[in-house]
Amino acid sequence: MKRRSTTPWKKSRTYGDLYGGRARRRFADNIFARAHSLQRPADGQHLPVLLQDNPSRDYVFPVSVEEVAAALECLPAHHREGITHIWLRKRARRECGPDASLAEFSCGSGVRVVVLYAWPADGALQLGRRKPPPGEIAHFLRYQGVLIQKRGNWAIHFDTAALRRFYLEHLLCHEVGHHVDWYARQWSKANSKEVEAAADQYAYAWGPLVGGKIVDAVPSS
């Protein structure tokens, strides 16, 4: 078995850094291993490359990768320029739980990828036994997510229409916001609060445009 120092996905070696996702989570090193599996697009290849996994039995994608691509087209061309991949990615068992990311933006080695993860099939995202403060769930409540408690555990529940809006207006636009902010302003990792605030502001500003053109016009299959 290779030593940790020789693995090809070691941070800041052959692949770049990962940004965004859920601002409150801890990023594990296996994220870099996953992202490094993507290949730089060939010259002349149509972009973005669309990837959609088959989710496990307990998870679903509330939108298709084609819908995400259509939503991306609603944004200004110079905002989405350079995004090479859109990936609807299933969750491994070890990636579930209250700290799991909902979306990520990663860049490096000629790849800039927006990843959206599958959502629990029952519509409820488990948050744990501690009731979350309002600031931690404001982005859910903004899109008609409902905070519920069942058997001592707290969860955010969305109906189908609200969940589609959350994915396209917030998760997608938040990660595009990371893309725009990183290449325009070059925040350092030490500015994590500013990085997340910039992505949130982008989603608040541009998400309604995406929603008006896509969410209500194209029903999810």
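Two aromatic rings of Phe, Tyr or Trp (its six-membered ring) are said to pair if their centres lie within 6.5 Å. In this predicted model, a search of the whole structure finds 9 such aromatic pairs. One of them is formed by Phe-140 and Phe-166, whose ring centres are 5.4 Å apart and whose planes meet at 45 degrees, so the pair counts as tilted. That pair links distant parts of the chain, since Phe-140 belongs to helix α4 (residues 134-141) and Phe-166 to helix α5 (residues 160-185), with their positions 26 residues apart in sequence. Ring pairs also link Trp-119, Phe-140, Tyr-143, Phe-158, Phe-166 and Tyr-167 into a cluster. Elsewhere, Arg-112 lies over the face of Tyr-183, at 3.7 Å from the ring centre.

**The protein as a whole**

The protein contains 6 helices and 10 strands, and of its 221 residues 48% count as buried. Among contacts between residues at least 6 apart in sequence, 72% join residues at least 24 apart. The protein exposes about 11,700 Å², and carbon and sulfur atoms supply 52% of that area.

**Some buried residues**

A residue counts as buried when its relative accessible area is under 20%, and the table gives this value for several residues discussed in this report.

| Residue | Relative accessible area | Class |
|---|---|---|
| Cys-107 | 5% | buried |
| Cys-173 | 0% | buried |
| Ala-118 | 1% | buried |
| Phe-140 | 1% | buried |
| Phe-166 | 0% | buried |

**The cysteines**

A disulfide is a covalent bond between the sulfur atoms of two cysteines. With a disulfide taken as a pair of cysteine sulfur atoms within 2.5 Å, the count for this model comes to 0 disulfides. Cys-173 is in no disulfide, and the nearest cysteine sulfur, that of Cys-74, is 8.8 Å away.

**Ala-118 and its surroundings**

Ala-118 is found in the loop between strand β6 (111-117) and strand β7 (119-120). Which residues is Ala-118 in contact with, leaving aside its neighbours within four places in sequence? They are Pro-55, Tyr-59, Val-60, Phe-61, Arg-89, Arg-91 and Tyr-167, and Tyr-167 also takes part in the ring cluster described above. Ala-118 and Asp-58, although 60 residues apart in sequence, are 9.3 Å apart in space, from C-alpha to C-alpha.

**Strands β8, β9 and β10**

Strand β10 (residues 153-157) is joined to strand β8 by 4 bridges, and these two strands run antiparallel. Within this pairing, the bridge partner of Gln-126 is Ala-155 in β10, while Ala-124 has His-157 as its bridge partner in β10. Strand β10 is also joined by 5 bridges to strand β9 (residues 146-150), again with the two strands running antiparallel. Here Ile-148 stands opposite Ala-155 in β10, so that Ala-155 is placed opposite Ile-148 and is also the bridge partner of Gln-126.

The hairpin of β9 and β10 has 2 residues between the strands, and in this hairpin Arg-151 takes a positive phi near 55 degrees. Why can strand β8 be described as largely enclosed by the rest of the structure? The reason is that 4 of the 5 residues of β8 (residues 124-128) are buried.

Notes:
Residues numbered from 1 in each chain as written. Predicted model: local features only at pLDDT ≥ 70, side-chain atom pairs only at ≥ 80, totals over all residues. Heavy atoms only, no water. Buried < 20%, exposed > 50% of the residue type's maximum accessible area, 1.4 Å probe, protein only. Contact = heavy atoms within 4.5 Å. Pairing = 2+ DSSP bridges. Phe/Tyr/Trp six-rings, centres within 6.5 Å; stacked < 30°, edge-to-face > 60°. Lys NZ or Arg CZ within 6 Å of the ring centre and 35° of its normal. Areas by Shrake-Rupley, 256 points an atom, 1.4 Å probe, with all protein chains shown as cover.
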